[in-house]
Amino acid sequence: RRGSAGVVLHNNKFYIFSGITNGHTNGWVTWVDEYDPATNTWRQLPDAPRARDHFFATQVGTKVYLAGGRRSGQVNTFAPTVPEVDVFDLTTETWQTTSLPDNLPTQRAGAATVNFKGEVVVIGGEQSNNSLAVPVVEALN
């Protein structure tokens, strides 16, 4: 069990990525699980390269992108943010061996993400040094 995880639906199965097990305090996990509601079964998949919470997973084709997020409570509730973008291949059930060469330009957590015309679009979010929502939208092609 964990909160603030990323989730995608692929081939009628849910894929749950990372998250946090102890509220806004600690317990960041790298877990990846598949849930098949047709058979009510769970299956563990390879752990993510890094722990993060308060992010969204975004699917483009058969790849899932984990962008943004943080490790809540490590320094304070809203820090530190995770700059790396990690990629999981749903077909091979493997992680890309390295993060993408470019980090998320504006580090943040709690952002919305969406697949828009094949690009991962990261919208808004929050940062530890900013009491207002992040007024930035960025796209990864």
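**Notebook: the largest pocket, a surface patch and three loop residues**

I began with the largest pocket, and I noted that strand β11 gives the most to its lining, with 3 residues. I keep in mind throughout that this is a predicted model.

**Entry on the pocket.** I looked up how much space the largest pocket holds, and the value is about 160 Å³. Its lining is made of 13 residues, and those closest to the centre of the pocket are Asn-103, Leu-104, Pro-105, Ala-139 and Leu-140. I then asked which strands each supply at least two residues of the lining, and I found β10 and β11, the latter running over residues 137–140. Sorting the lining by class, I wrote down 10 nonpolar residues, 1 polar residue and 2 charged residues.

**Entry on the surface patch.** Next I turned to the surface, where Val-114, Phe-116, Ile-123 and Val-137 form a nonpolar patch whose members have about 350 Å² of accessible area together. I followed one of these residues, Ile-123, and found it in strand β10, which covers residues 119–123. I had met β10 already, as a strand that supplies at least two residues of the pocket lining. Ile-123 has a relative accessible area of 35%, so I recorded this residue as partly exposed.

**Entry on two positive phi values.** I looked up the backbone angle phi of His-54, which is near 55°, a positive value in a residue other than glycine. His-54 sits in the loop that joins β4 (41–45) to β5 (56–60). Is His-54 buried or exposed? I entered this residue as buried, because its relative accessible area is 18% and the cut-off for buried is under 20%.

For Glu-93, I again found phi near 55°, a positive value in a residue other than glycine. The loop that holds Glu-93 lies between β7 (86–89) and β8 (94–95). Glu-93 has a relative accessible area of 21%, so I counted this residue as partly exposed, since buried would need a value under 20%.

**Entry on Arg-108.** Last, I looked at Arg-108, whose place is in the loop between β8 and β9, the second of these strands spanning residues 112–116. With a relative accessibility of 1%, Arg-108 counts as buried. I also checked how far Arg-108 is from Thr-92, a residue 16 positions away along the chain, and their C-alpha atoms are separated by 29 Å.

Key
Residues numbered from 1 in each chain as written. Predicted model: local features only at pLDDT ≥ 70, side-chain atom pairs only at ≥ 80, totals over all residues. Heavy atoms only, no water. Patch = residues over 30% accessible without salt bridge, like charges linked within 9 Å, V, L, I, M, F, W, Y side chains within 5 Å. Areas by Shrake-Rupley, 256 points an atom, 1.4 Å probe, with all protein chains shown as cover. Salt bridge = Lys/Arg side-chain N within 4 Å of Asp/Glu carboxyl O. Helix = DSSP H or I, 4+ residues; strand = E, 2+ residues; numbered from the N terminus. Buried < 20%, exposed > 50% of the residue type's maximum accessible area, 1.4 Å probe, protein only. 1 Å grid on protein atoms, 1.4 Å probe; cavity = no way out; pocket = protein on both sides within 12 Å on 5 of 7 lines; lining within 4 Å. Points joined across faces, edges and corners; volume = space filled by probe spheres on them. Nonpolar A, V, L, I, M, F, W, Y, C, P; charged D, E, K, R; others polar.
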